[in-house]
Each structure stands twice: as C-alpha cells, then as structure tokens.
Amino acid sequence: MTGPTTCPGCSVASDTAERVGRTGTMPTHALILPQIHCMSCVATVERMLNARKDIAHARVNLSRKQVAITATPGQDPTQWIAELGAAGFEAHEARGAPASSGPSGLLLRIGIAGFAMMNVMLLSVAVWSGAAESTRDLFHWVSAMIALPAAIFCAEPFFVSAWSALKSGRANMDVPISVAILLACGMSLHETMVGGEEAYFDAALSLTFFLLSGRCLEQRMRQTARSAAADLAALEPRRVMVLDQDVPVSRPIDEVTRGDTLWLTSGSRVPVDAVLTDASVEVDRSALTGESDPLVLNKGAALIAGDIALSGPVRAEATVGAEGSTLRRMVELAERAEASKSLYTSLADRAAQFYTPVVHGLAFAAGLGWYLLDGDVHHALMVAISTLIITCPCALGLAVPAVATVSTGRLFRAGALVKSETALERLAQVDTVVFDKTGTLSQAGLRVPELTSVELRVLKALARASQHPLSRSLAVDLEGVEAASLTDTHEVTGCGIEAMYQGQRVRLGAASWIGCGHGTAFEMAGRVTPLERHEVALPDAARCISALVGAGYQVEILSGDTRARAEEFAAHLGVATAHAAMTPEAKLSHIKALQADGRRVVMIGDGLNDTLALSEAWASMAPGSALEASQNAADIVLLGGDLLMVPMALRQAKSARRRILENFGMAAGYNMISIPIAVAGLATPFLAALAMSTSSIVVTLNALRGPQAKGPVMNVLLILVPCSLTLGALALIGFLWTLRADQYDDLEGDAQRMLLETDDDAPRRG
C-alpha cells in the first residue's frame, strides 16, 4: 500500500501561512479614499487613524486609493469615515464604494482651458498692439467673459483639494496654485472694471492648462495599476459542494468548517486546505509551485486551497475554515506587500514636501516688502501675484509625469507595458535580477520518440491539429516531417486529440486517457508510445542573462523544481546562483532577505506562485503569457514575452531617471533666476505666466529626448539653455514694454506741444 504523498513544499507553505495568520496584524477593515492624490494625503490619513485608540494600525495604498485598518473584527467604521470626512477626505467602506471617474474629467478641463487660453491670447495681442481705450476695454471685457467661467470650471480640482486641506488645518501644493489663479482672475477683473491698461486672464488660463496637463499625466500612470490581491481572491470559489449525509449540498465558502467532507468534481478548485479521504486523485498544483506537471496524490495526502482536481469526483476532509486557508492567507500577504510598496515616495513627492511653505512665505514677504517700501497696495499685490505665478510648480509637476509618459510610450512600442507610476524610478535603482524558472526562462516540451516514418507523419498531423502548448512545441520539433492526411479529427477536452488514419484510430494526449499510466502518450494501430517530457530554455534566455551580467547585475534563479534540475538549467544559461524547491512563501522570504541586505531586487515571474514575490520585490515584471494575477502584481508586463525586454527596460529606466533629475535641475535653475526678477517687481503677471510656460515647455521637450544624449556637457547645457531662453524672453518683452511706454510718452509730449502752439497762435490770429 502506498503511503501519503504530501508535497514538502506545500507543507512549508501551509506552515508559513499559519504562522502569518497567528500574528494578529492582518487588516480587519478597508476604506476607499477616492480623493487622495499625493504622499501628503497618505501621511495625513495614516496619522489621523493611527492616533485613534480603537485602531491598532492603518496603512494607505495610494495606487488603490484604499486604507487597510487593523482593529477589532466587526467594528463599525462609521466614526472613522466621519473623522476623515471632517478632515476633507471622502471615505467609503471597500464594498459598494463608488468607482473612480478616472482622468476623463481632467481631459475635458484641459481642452476647455487650452481653447479659452488661445482665444484670450488672441485678444491680448490686439491690446498689446496698441488698441485705443474703448477697444482695449471691450477686449478686456470679452476676455473676462471667456476666462472667468473657464478658470472657475477648469481649476475646480485645485480649488476643491485646497479647500479640503485648509479646512483640516493643513496645506498642500494645490493651495498656492489656487491662490495664484484666484488672485490673477480677481486683479484682472478689477483692472477691467476700472478701465486699467493691463489684465492677466491669459496668465490664469495658461497656469491652469499646464498644471492640469501634469495632473492628468500623473493620474493616467497611477490608475493603470491593479491589485494582485484581488486576482488571488478571485480564484477562491464562492460556493462549495459539501456532503451532508452522503448528499452533495452547495454552501457558501465562509460556512465551511473544519471536519466538513468536501465533494470535489473533476476540474473543480479545492476551496480550503483538506486531506484526501478517497484512494487517489490527480491535481494541478501550478498555482503554488509553478510546475505544470500534475501530481498524483493518494489517500491521506494534503490538498491545498487553490489546487485543481483533474480527476474525480473524490472526497476530502477540510482541515481549516475559509479564513484559515492557504489561498486566503496568500491574499492577505499580497495586500500587505502591495501596501508596503505603495509607500515608496517618488522624487516629485519628496520635492513637493517643502515647496508649499516656501512659495507662500516668499510671495507674502515680497508683497509685504513692497508695501512697506512704497506704500502702494496695488503694486505690492501685483508683485505677490507675479511671485506666486512664476513659482507655481508647473515644471515641477511635469518633471516626473512627462518623462514617465514618454518612457512608458517607448517601452510599450517595444513590447512592454508599464503599469505603476513609480516603476521606472524603482527600476533605475535595481542591482539584482531574480527570475522564476519554469514558464519565465523555460518551456516544457516533448521529446520525439523512435518511430517509423509513417508514425512520425501521423504524430506531426495530430500535434499540428492540437492547440495544447506541448503539442505546438512537438510540431515545431517535427518541422522537417511531412504531416499525414487525417480524417474525423476532434479534440477531447482535458484528454487529448484523436483522428482516423486509413481506417485506424490514432490518438495523442494524456496517458491515462489512452490507457498507459501517467504523462503523455501517442497511440497508433494499437501500439502506445510514451512521450517523455523535457524542459528547454526560451530562445532569448541566454542572451538576456548575458546582457544583464554584462551590465553588472547580480542574477539569480528561483525554481520549484529539484536542486539537480535547477542547477543544471542555471549552469546552461550561465547563472551562478539557483535556488530549488521554492514555495511561494520561500520565494517571498528570499526576496525579503535580499532586500534586507540592501539589495534592490527586480523579480520576473509568470505563475500564481510568484505573485507574493512579485508584490514584495522592489520592482517586478511578468511575461505576457503569465497568469492575470501575476501580470496585475507586476509593475511591467512583457507583452510579447521577449526576454530581451528585461535589460532594455532597465536601460530605459536609468535613462528616465536621468531625465527626471535633469528636469529638476532645470526647474531649480529657472526658479533661481526668475524668482529674484519677480520679487524685484520686474515681472508682471503676464511675464510671470510666460516664464512659467517656457519652463514647462522646456521640461517637456527634455522628456522627449532619446536616451543617447549623455555626458556632463549635455547636462550643463540642459540647465543653461532654458535659463537663457527664460532670461532672453523676459528681457525682450521688458524692452518692448519700455519701448511702448516711451512711444506713449513721446506721443503725449507731441500732443501737449501742439496744444501749446495752438494756444500761442490764437492771439495772433485774433
């Protein structure tokens, strides 16, 4: 009699999940926060919730706009939601929460702001050209009718965010933006009403347009990320067949308790951890081990939640309830790993942490200083507005999204989809590349057996007619063989393919279906030939590894296979380090250990067993052929499955990081030059908006540059050129402004002389 055949790896997986489940740190509640958009929001929400005595721990996941709360199970979250609402954060329970509207509303606002900005600028050109007083006033009123409704509608996201922040006694980057827009519109309206010479509606609209563009790019990047934990949870069946007095009865999975007898039909997924009570069963455990070969388990063997029964029906006794299953705990581990990664602070967020108080203080000091200097309230207010506009974070807001959008577009055209808004920044810091073996670096195949020429032709015809991956690889290996002509060809689901050849039945498929044990077999004329499986490296695997090692990366392979096979495969590819018999939790622990040693790890995997490691790693990738849960856990999906995209993505990430740092340098250089000009009172709101727009355009153009431009000389030029352009534009417009004023002075002097001459001539004519 054969004893129990418990998989050692799965036993370790269950034990690890059990230990994690006893820690008591798993979230008990989840709230949706649809309005959070920056790390300042994250810090405020976490600080508020963690300060409450009835909450043990709270952690915000910015990508999912969700906060995971650890508290007493079943506790009413109404008070938490009310407190968050009072602080300006809309909150809902995770179930039934309204869906995010996405960036489509921002796109509408961008279009309206751009259209209004262009029309107001056309009217402004007429005013600058020397329009007479009545014409100038008319154009100012028309500009006001266009600009004010457009600015109020288009800048609404900034106003709402700023007001929510101010109500809760805090400030964010939207506060100076809103103040600048409102002051520019208010001063322009005042100038229009009193018949003033200048109005700055175009400045308010251009400010709104560029800031909305940056916000839209950022949201498009952020909203492409989906949760791997949700995909893992989707694998759990909602209802389970349980034997009640030997009669199968359907029950909700949450009602399953330890000791219940499960009724597992062929193709059903094991809902909770259990022990097999029937003689034997064949299961697919690829969700846990990544190995596609089915396992034959005998009576007493452990079944793990997530296994798929390939034969049946069979009976099994549940050893845990739904809350204690390995699959449920894998979901919780993935949620914790995702929340940890979402706390990564991007470069733009770090730069923005000190930006708001500096801008407010600078504008207030400039306005107050000029008021104390000359006592002119109007002039002091104009200086404050100009300072706010010229220091508005347009270039800073575009520094990261513009580069990210360009870089992700290049990668997408090359065959890689970037899903996380901080993926490129994290990839640029990677120094260790860890691969899953099966399905990522290798694929299964069937060895061509010793057959007659006729049998080879029939085997080629059957393999070509099947859609199974093993059959397709076998057809490729038989490329030089001419396929036989078959009739009555049809595929038997879950078994294989069969046909008729010259009146004889021929079959290719599961050996158990054909009748010769396990594995894959070929039958013709009553003769059954087993087909041995083997593993082969993917075509570009060796070149990918060589490129990574040549670039200085440390490369490792993780596999659920035996040590001998894993090390042999690694040696074939030139990888020095390979780890065998790795369960999902073992892979997760290995990634944690590497990162605890200071390594920055990118994980590349394709199976459900890789999901935890993908979520925990500093960065992650998954091939396009991977399971959906693995693709959603990864930061980058290799759409074509081309492994050469891995070193290319790493190179592009480093290039993107250089562009981001260059953009920050240009934004800093722009502020170092333009802020003194604004504080000195030499820039009107229009000139401030022009300088701000110039810096935003230069930042965007820098993001469009290819990765080939490198070197310190280029980096210096990238800072000097935009600064020179900004200074040149300011000097040119200042000169034209002065020239225009001088012309008006000359005209006024000529008019006065003509009047005096007329007065002198009057007595003579009399």
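A cavity is a set of points, on a 1 Å grid over the protein atoms alone, where a 1.4 Å probe fits but cannot get out. Grid points are joined across faces, edges and corners, and a volume is the space filled by probe spheres set on the points. This is a predicted model, in which local features need pLDDT of at least 70, side-chain atom pairs count only at pLDDT 80 or more, and totals for chains, interfaces and linings use all residues. Residues are numbered from 1 along each chain as its sequence is written, and side-chain values use heavy atoms, with hydrogens and water left out.

**Cavities**
- Four cavities of 30 Å³ or more are counted, and the largest has a volume of about 80 Å³.
- Lining residues (an atom within 4 Å of a point) of the largest cavity include Trp128, His140, Glu198 and Asp202.
- Helices (DSSP runs of H or I, at least four residues) H4 (104-128), H5 (133-154) and H8 (201-222) each supply at least two residues of this lining.
- H4 gives the most, with five residues.

**Sheet**
- Seven strands (DSSP runs of E, at least two residues, numbered from the N terminus) form an open sheet with mixed pairing, in the order S14-S27-S26-S25-S15-S23-S24.
- S14 (416-418) and S24 (577-579) are at the edges, each with a single partner strand, so one side of each lacks a neighbour in the sheet.
- Strands pair if DSSP finds at least two bridges between them; S26 (619-623) and S27 (636-638) pair in the parallel sense over three bridges.
- Met621 stands opposite Ile636 in S27.

Methods: 1 Å grid on protein atoms, 1.4 Å probe; cavity = no way out; pocket = protein on both sides within 12 Å on 5 of 7 lines; lining within 4 Å.
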